[in-house]
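Dear colleague,

I am passing on the structure we spoke about, together with my notes on what turned up when I went through it. Please have a look at it first and then read on.

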Amino acid sequence: MDTSPHTLNTLFEQLGLPSTTVEIERFIATHRLFTQEIPLHQATFWSNSQAEFLKDAIYSDSDWAEVVDELNSRLRSTH
């Protein structure tokens, strides 16, 4: 059983994306979601496997759900 803490860095690793803080900030700055109408997992910039992981994390309320919610909020933030 994996008991390591889940952070944005480890989420990005799990998604197979560059996971340094600078790379995450760059990703967030260039991948904005401008509407609440589209669920996070349906954004066009995810691969099928990434989208499925994000969807499962939220709908099954997995231990990744909190950090996925954080990413969702950050991608929708105007700041």
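To begin with the aromatic residues, ring pairs join Phe12, Phe27, Phe45 and Trp46 into a cluster. Please keep in mind throughout that this is a predicted model, and that the values below are computed from it. In the whole structure there are five aromatic pairs. One of them is formed by phenylalanine 12 and phenylalanine 27, whose rings meet edge-to-face, with 5.2 Å from centre to centre and 85° between the planes. This pair links distant parts of the chain, since phenylalanine 12 belongs to helix H1 (residues 8-14) and phenylalanine 27 to helix H2 (residues 21-30), 15 residues apart. Both phenylalanine 12 and phenylalanine 27 are buried.

Phenylalanine 12 appears again in the surroundings of serine 19, a residue that sits in the loop between H1 and H2. With neighbours within four places in sequence left aside, serine 19 is in contact with Asn9, Phe12, Glu13 and Ile24. Serine 19 has a relative accessible area of 18% and is therefore classed as buried, the cut-off for that class being under 20%.

The next topic is the nonpolar core. The largest one has 21 residues, and among these Leu11, Trp46, Leu54, Leu71 and Leu75 touch the most other members. Two or more residues of this core come from each of H1, H2, helix H3 (48-59) and H4. Leucine 54, one of the residues just named, is in contact with Leu11, Leu15, Leu40, His41, Trp46 and Val68 when its neighbours within four places in sequence are left aside; Trp46, which also takes part in the aromatic cluster, is thus found in that list.

Valine 67 is located in helix H4, and its relative accessibility is 3%, so it counts as buried. Leaving aside neighbours within four places in sequence, the contacts of valine 67 are His6, Thr7, Leu8 and Leu11. The C-alpha atoms of valine 67 and alanine 57 are 9.3 Å apart in space, while the two residues are 10 apart in sequence.

As for charged residues, how many salt bridges does a search of the whole structure find? The search finds one, and it is formed by glutamate 25 and arginine 74, whose closest N and O atoms are 2.5 Å apart. Because glutamate 25 lies in helix H2 and arginine 74 in helix H4, the pair ties together parts that are 49 residues apart in sequence. Glutamate 25 is partly exposed, its relative accessible area being 37%, and arginine 74 likewise counts as partly exposed, at 26% relative accessibility.

Arginine 76, also found in helix H4 (residues 65-76), is a residue I would ask you to look at with some care. Arginine 76 is buried yet has no salt bridge, and the nearest side chain of opposite charge, that of glutamate 37, is 8.6 Å away. Which backbone oxygen does the side chain of arginine 76 reach at 2.4 Å? That oxygen belongs to threonine 35, and the backbone oxygen of isoleucine 38 lies 2.6 Å from a polar atom of the arginine 76 side chain. Not counting residues up to four places away in sequence, arginine 76 touches Leu33, Thr35, Gln36, Ile38, Pro39 and Leu40.

Leucine 33, which is thus one of the residues touched by arginine 76, lies in the loop between H2 and H3. At 11% relative accessibility leucine 33 counts as buried. With residues up to four places away in sequence not counted, leucine 33 touches Leu40, Ala43, Phe45, Asn72, Leu75 and Arg76. Leucine 33 and asparagine 72 are 39 residues apart in sequence, and their C-alpha atoms are 8.5 Å apart in space.

Finally, a point about the backbone: aspartate 61, in the loop between H3 and H4, has a phi near 50°, which is a positive value in a residue other than glycine. Is aspartate 61 buried or exposed? Its relative accessibility is 62%, so aspartate 61 counts as exposed.

With best regards

How values were computed:
Residues numbered from 1 in each chain as written. Predicted model: local features only at pLDDT ≥ 70, side-chain atom pairs only at ≥ 80, totals over all residues. Heavy atoms only, no water. Phe/Tyr/Trp six-rings, centres within 6.5 Å; stacked < 30°, edge-to-face > 60°. Helix = DSSP H or I, 4+ residues; strand = E, 2+ residues; numbered from the N terminus. Buried < 20%, exposed > 50% of the residue type's maximum accessible area, 1.4 Å probe, protein only. Lys, Arg positive; Asp, Glu negative; His and termini not counted. Salt bridge = Lys/Arg side-chain N within 4 Å of Asp/Glu carboxyl O. Polar contact = N/O pair within 3.5 Å; in protein donor to acceptor, adjacent residues only side chain to side chain. Contact = heavy atoms within 4.5 Å. Core = buried A, V, L, I, M, F, W, Y, C linked by side-chain atoms within 4.5 Å.
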